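User: I'd like a close look at one part of this model: the strands, and how the side chains on them meet. Keep it informal, and tie the details together as you go.

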Amino acid sequence: MVNRPSVPEIITVNSEELQTQIRDLLPSQSGFGSELQATNVITPIIDLTAAAEGSGLPVSLQQAVAFGSQTAFKVFGTTTVLANSPGFYRIFGVSALRTTAGAGETNSFTMTDGLSVKTVWIHEFNSTTANDPSAIQFDFVVWLASGESISAVSSNAVNVIGGSHRQVADGQGTLVQPSGYPL
């Protein structure tokens, strides 16, 4: 067995997807060189993407409440459709229940594809005492495919599920910035 010191190797990478990404990220390099190459030598990398330079909006700010983007909801003893277009939605608020004559109560979020309904979040409260209160906060992001919808469901008129929702990314995953951003 021969022990050879590390010898740098350069390998040609044939990937149209990678070449397209390089052209998109570095437009000034379009047409520079004909092939991508990889090496087994550790090379420092400089990240030139928008996120690295700080011009990309952090997720917590991208999902901010905005005057023109938010839709408030308040549901008492019924079912209300919140969203039914493809994409990602942030839904947040409070679920408040009050038992009636010792019976159990529920607030929930359900999704449907038009054929079946699935409960995806539930607040359930059972008590032997009438008018016992229970309240919890919720904050989640949901994905809706084409033909799907999400609804808020309140089991009784004394119960409320309320909050706000807005689309944070479209059906292709492109982020939807808060209304009015950037100025």
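Analyst: A cut-off first: a residue counts as buried when its relative accessible area is under 20%. R90 has a relative accessible area of 16%, so it falls under that limit and is buried. Keep in mind that this is a predicted model, so everything below describes a prediction.

R90 is a good place to start. Its side chain meets that of D139 in a salt bridge, with 2.7 Å from N to O. R90 belongs to strand β5 (residues 87-98) and D139 to strand β8 (residues 133-144), so the pair ties together parts that lie 49 residues apart in sequence. A search of the whole structure turns up one salt bridge.

Now for the sheet these two strands sit in. Four strands make up an open sheet in the order β3-β10-β5-β8, and the pairing is antiparallel. The edges are β3 (71-76) and β8, each of which pairs on one side only. From one strand to the next, the twist averages 20°. Strand β5 also pairs with β10 (residues 160-170), in the antiparallel sense, over ten bridges. If you want a spot to click on, V94 has G162 as its bridge partner in β10.

Stay with β8 and move along to S134, which is found in that strand. At 18% relative accessibility, S134 counts as buried. Its side chain joins that of H123 in a polar contact of 2.9 Å. Leaving out residues up to four places away in sequence, S134 touches S95, A96, L97, H123 and F125.

H123 deserves a stop of its own. It has its place in strand β7, and at 4% relative accessibility it counts as buried. Besides the 2.9 Å polar contact with S134, the side chain of H123 has a polar contact of 2.7 Å with the side chain of S95. So which residues does H123 contact, leaving aside its neighbours within four places in sequence? They are S95, L97, E105, T106, N107, S134, A135 and I136. S95 and L97 also turn up among the residues that S134 touches, so if you display S134, H123 and S95 together, you can follow both polar contacts in one view.

Strand β7 takes us to the other sheet. This one is open too, with four strands in the order β4-β9-β6-β7 and antiparallel pairing. Here β4 (79-83) and β7 (117-125) stand at the edges with a single partner strand each, so one side of each has no neighbour in the sheet. The twist averages 20° from one strand to the next. Further in, β6 (residues 105-112) and β9 (residues 149-154) run antiparallel and are joined by six bridges. One pair to look at there is S108, whose bridge partner in β9 is V153.

At the β4 edge, have a look at L82, which lies in that strand. L82 is buried, with a relative accessible area of 11%. Beyond its neighbours within four places in sequence, it is in contact with F73, I91, F109, I150, S151, A152 and H165. Its C-alpha atom is 8.6 Å from that of T71, eleven residues away along the chain.

For contrast, jump back towards the start of the chain. I11 lies in strand β1 (residues 10-13). Once its neighbours within four places are set aside, I11 is in contact with L36, Q37 and A38. The C-alpha atoms of I11 and N40 are 8.7 Å apart, with their positions 29 residues apart along the chain.

Now zoom out to see where these pieces sit. The chain has three helices and ten strands, and in sequence order it reads β-α-β-α-α-β-β-β-β-β-β-β-β. Of its 183 residues, 27% count as buried, and R90, S134, H123 and L82 are among them. Among contacts with a separation of 6 or more, 75% involve residues 24 or more positions apart. As for the surface, the chain exposes about 12,200 Å², and carbon and sulfur atoms supply 56% of that.

Notes
Residues numbered from 1 in each chain as written. Predicted model: local features only at pLDDT ≥ 70, side-chain atom pairs only at ≥ 80, totals over all residues. Heavy atoms only, no water. Pairing = 2+ DSSP bridges. Axes fitted to C-alpha atoms, helices over the stretch in contact; angles between N-to-C directions. Buried < 20%, exposed > 50% of the residue type's maximum accessible area, 1.4 Å probe, protein only. Contact = heavy atoms within 4.5 Å. Areas by Shrake-Rupley, 256 points an atom, 1.4 Å probe, with all protein chains shown as cover. Salt bridge = Lys/Arg side-chain N within 4 Å of Asp/Glu carboxyl O. Polar contact = N/O pair within 3.5 Å; in protein donor to acceptor, adjacent residues only side chain to side chain.
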